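Reader: I should like to learn how the features of a structural model are read. May we work through a case together?

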Amino acid sequence: MQTLVLLVGTAMNMLSRGLIETFAVFLLPLSVAFATDRVALTGIYSTYMLVYGLTAPFIGMLIDKLGVRLCYSLGLLLVGAGLSLAGHANQLWQLYLTVGAMCGAGTAALGMVPASVLASRWFDRRLPSAMSLLYAALGSGVLVFSPLSQWLIDSGGWRHAYRWLGLTPLIILPLTLLLPWSRILAGEPSLSARRARSPGPALGAALGHALRQPDFWRLSGVMFFTTLSTFTIMIQLVAYLVEVGFAALIAASVFGALGIISTVGMMTVGMLAERFGERLIATLSYSCSILGVGILALLDGRPSMLLLAAFAIVFGTVSGSRGPLVAVLSSRRFGGSAQATVYGSVLLAMGIGGAIAGWATGALHDLTDAYHAGFLLSALAALGGMLLFRSIDVSR
């Protein structure tokens, strides 16, 4: 049953990030189709991240009260419908509604909030490794869907691509309803018995207690700075690589390759954290992020495949690696009846960071007609995340 739990969480995470992160591949085709400035387009992604963040606490409450099955079903329906309708958009506001709002809410329902609940019910000592594996699926989704999206765009245009991508979650929806949810949600017997002996306070009281803890706000701050740092780069990465001289398919493939490279990093971070501690591993990962941004900046004017590979390895290996660490620490600190709600509330900061990243990267590009100001913002945000993570009590 542990294997099935990991498979379900992995599949949903692949869909949740993989389908929507293809927005970086759609950025240039959409800019041509709608003839608008960059900040108006990246605002779609900002809307997506903001809605994701605002929805995540309510998704947590939904899970704590009604379970994961309903949550996953709602997520698949929203993402499938949102992407399918995006393929029929004739005005920019329609993309804000479909890709931004609908997919933002749907992704929150498919992502790490429900996956973290399932993992914590089936894993104890190996929880860091389980969380890392689930987070790694986010990167795998990018690997699968980014080149696929570019191929669909090349073969039939961006509308054609969105319509086909939207079919995937809608096809998976009925299969999801057939899973043995009662057994999945029951959890590992010894952990279930432990929860029964110590049920903890009611949902409202548990959430109120969490909000009064400094570590809740530190974890939220880590997610804010980390997301701001990462997505300031990722949203315009494909466009940047094309503009400095790489072919569109190569740029999309590199974007997808970051997914598999980050998968390796996310799968490894749990094991390393179990051995060396979360604080040291987080410090190393943030340092690599800053180094990777520096390498990416060097590509301007010298489109070297060697530098591109170096960026992909250095930046990609640690991209997303802080997420599993935050999920584990949140689970340790705030388990019990409000676990999903508290973790969803932590992810609100992730949504805000992503929303600011989407707006800032477009605004800075339009203001300077270059990408370097965005690179500087990414590096400074990574530094802020590292300093804040080091202030968290990581004792077990």
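Reader: Which residues in α19 are buried?

Author: The model is a predicted one. A residue counts as buried when its relative accessible area is under 20%. In α19, this holds for Gly374, Phe375, Ser378, Ala379, Ala381 and Ala382, and further along for Gly384, Gly385, Met386 and Phe389.

Reader: What span should the 18 residues of α19 have, and how far apart are its end C-alpha atoms?

Author: At 1.5 Å a residue, α19 should span 26 Å. The end C-alpha atoms of α19 are 26 Å apart, so the two values agree.

Reader: How does one find empty space inside a model?

Author: A probe the size of a water molecule is rolled over the atoms, and this shows where empty space is left. In this model, the count is 4 cavities of 30 Å³ or more. The second largest cavity holds about 60 Å³ of space.

Reader: Which helices each supply at least two residues of the lining of the second largest cavity?

Author: They are α12 (214-234), α13 (237-243) and α19 (372-389). Among the lining residues are Thr232, Ile233, Leu237 and Tyr240, as well as Gly374 and Phe375. Gly374 and Phe375 are also among the buried residues of α19.

Reader: How many residues of that lining are nonpolar, polar or charged?

Author: The lining of the second largest cavity has 6 nonpolar residues, 4 polar ones and no charged ones.

Reader: What sign does phi have in most residues other than glycine?

Author: In most of them phi is negative. Here, Ala35 has a positive phi, near 50°. Asp369 likewise has a positive phi, near 55°.

Reader: Where do Ala35 and Asp369 lie?

Author: Ala35 is in the loop between α2 (23-34) and α3 (38-66), whereas Asp369 is in the loop between α18 (339-368) and α19. Exposed means a relative accessible area over 50%. Ala35 is therefore exposed, at 68%, and Asp369 is exposed too, at 65%.

Reader: Is Gly111 buried or exposed?

Author: Gly111 has a relative accessibility of 4%, so this residue counts as buried. Gly111 belongs to the loop between α5 (92-110) and α6 (112-122). Leaving aside residues up to four places away in sequence, Gly111 touches Asn13 and Ser16.

Reader: How far apart are Gly111 and Leu237, in sequence and in space?

Author: Gly111 and Leu237 are separated by 126 residues in sequence and by 23 Å in space, C-alpha to C-alpha. Leu237 is one of the residues that line the second largest cavity.

Technical notes
Residues are numbered from 1 along each chain as its sequence is written. This is a predicted model: local features need pLDDT of at least 70, side-chain atom pairs count only at pLDDT 80 or more; totals for chains, interfaces and linings use all residues. Side-chain values use heavy atoms; hydrogens and water are left out. On a 1 Å grid over the protein atoms alone, a cavity is a set of points where a 1.4 Å probe fits but cannot get out, and a pocket is an open set with protein on both sides within 12 Å along at least five of seven lines; lining residues have an atom within 4 Å of a point. Grid points are joined across faces, edges and corners, and a volume is the space filled by probe spheres set on the points. Helices (H or I, at least four residues) and strands (E, at least two) are DSSP runs, numbered from the N terminus. Ala, Val, Leu, Ile, Met, Phe, Trp, Tyr, Cys and Pro count as nonpolar, Asp, Glu, Lys and Arg as charged, and the others, Gly among them, as polar. Buried means under 20% relative accessible area, exposed over 50%, partly exposed in between (1.4 Å probe, protein chains only). Contact means heavy atoms within 4.5 Å. The expected span of a helix is 1.5 Å times one less than its number of residues.
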